Amino acid sequence: MKRAISITLTVLLFAATSSPSFAQSTEASKQVNDRAKNEISVSYGTFTITQISSVLGGLFGTAFSGGNIVMEKFNGKGAISLSYYRALSNWLAVGADLACENASLTLRNKITDSRTESPVTAFSPMLTAKGNWLRRNHFDIYSRISAGAMIMKNPVQGTVNAMFIAQISPIGLEFGGLNFRGFIEGGAGAQGSIIAGLKFRF
């Protein structure tokens, strides 16, 4: 009896591992684990820290001046970012990001009817760590944190300033093929609160 049960289990195991579904599952797992290690991406993000701080600065200026100084115009189109990551394992990658952004704030003095324009060009090089929570052939979920410096140039005032900056994206979704994918992220920082882009692995 024991011999019959043993033979039956052996046959069932052989049948399961020889089935097309098992072979496809094994092949899918192999594809996920055999991904290319290098990744480059380009993305666009809006509601960046530069945009938010510029608008808040204009509002605070209005409040502290008793309404004599008002924000007449703000022009900020968001940040363009270039990124490179290298996978250290199936679940962790490290790399670097470079975010570039132009913004301009115009304030008007209601008493003198004069205007002050403050254009800013910002470059933010940052080091990044990215952790994958879910990996599939056509869909991943991840989190990312970046930290570095924001270098801001004001061509009107002729000044260049630097400050610490970061990007925290608690949730990121990427979708597509094994090597070419689109992605979206939600977070806050130099690259934006809403980020979308394309990435390529090689």
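Phe200, its ring partner and the nonpolar core

Reader: Why is Phe200 called partly exposed?
Author: In this predicted model, Phe200 has a relative accessible area of 38%. Buried means under 20% and exposed over 50%, so 38% puts Phe200 in between, as partly exposed.

Reader: What is the relative accessible area of Phe202, and how is Phe202 classed?
Author: Phe202 has a relative accessible area of 45%. That value also lies between 20% and 50%, so Phe202 is partly exposed.

Reader: How do you know that Phe200 and Phe202 form a stacked pair?
Author: Their ring centres are 6.4 Å apart, and the planes meet at 10°. Pairing needs centres within 6.5 Å and stacking needs planes under 30 degrees apart, so the pair meets both limits. The structure holds one aromatic pair.

Reader: What makes Lys130 count as lying over the face of Tyr142?
Author: Lys130 is 4.5 Å from the ring centre of Tyr142. The distance limit is 6 Å, so this value passes; the charge must also lie within 35 degrees of the ring normal. Lys199 lies over the face of Phe183 in the same sense, at 4.7 Å from the ring centre.

Reader: Which residues make up the largest nonpolar core, and why is it called a core?
Author: The five residues are Ala122, Met126, Met150, Ile165 and Ala190. The name applies because such residues are buried and joined through side-chain atoms within 4.5 Å. Met126 touches Ile165 and Ala190, among others.

Reader: How much of the chain is buried?
Author: Buried residues make up 31% of the 202 residues.

Notes
Residues are numbered from 1 along each chain as its sequence is written. This is a predicted model: local features need pLDDT of at least 70, side-chain atom pairs count only at pLDDT 80 or more; totals for chains, interfaces and linings use all residues. Side-chain values use heavy atoms; hydrogens and water are left out. Buried means under 20% relative accessible area, exposed over 50%, partly exposed in between (1.4 Å probe, protein chains only). Contact means heavy atoms within 4.5 Å. Rings of Phe, Tyr and Trp (its six-membered ring) pair if their centres lie within 6.5 Å; planes under 30 degrees apart count as stacked, over 60 as edge-to-face and the rest as tilted. Lists of a residue's contacts leave out its neighbours within four places in sequence.
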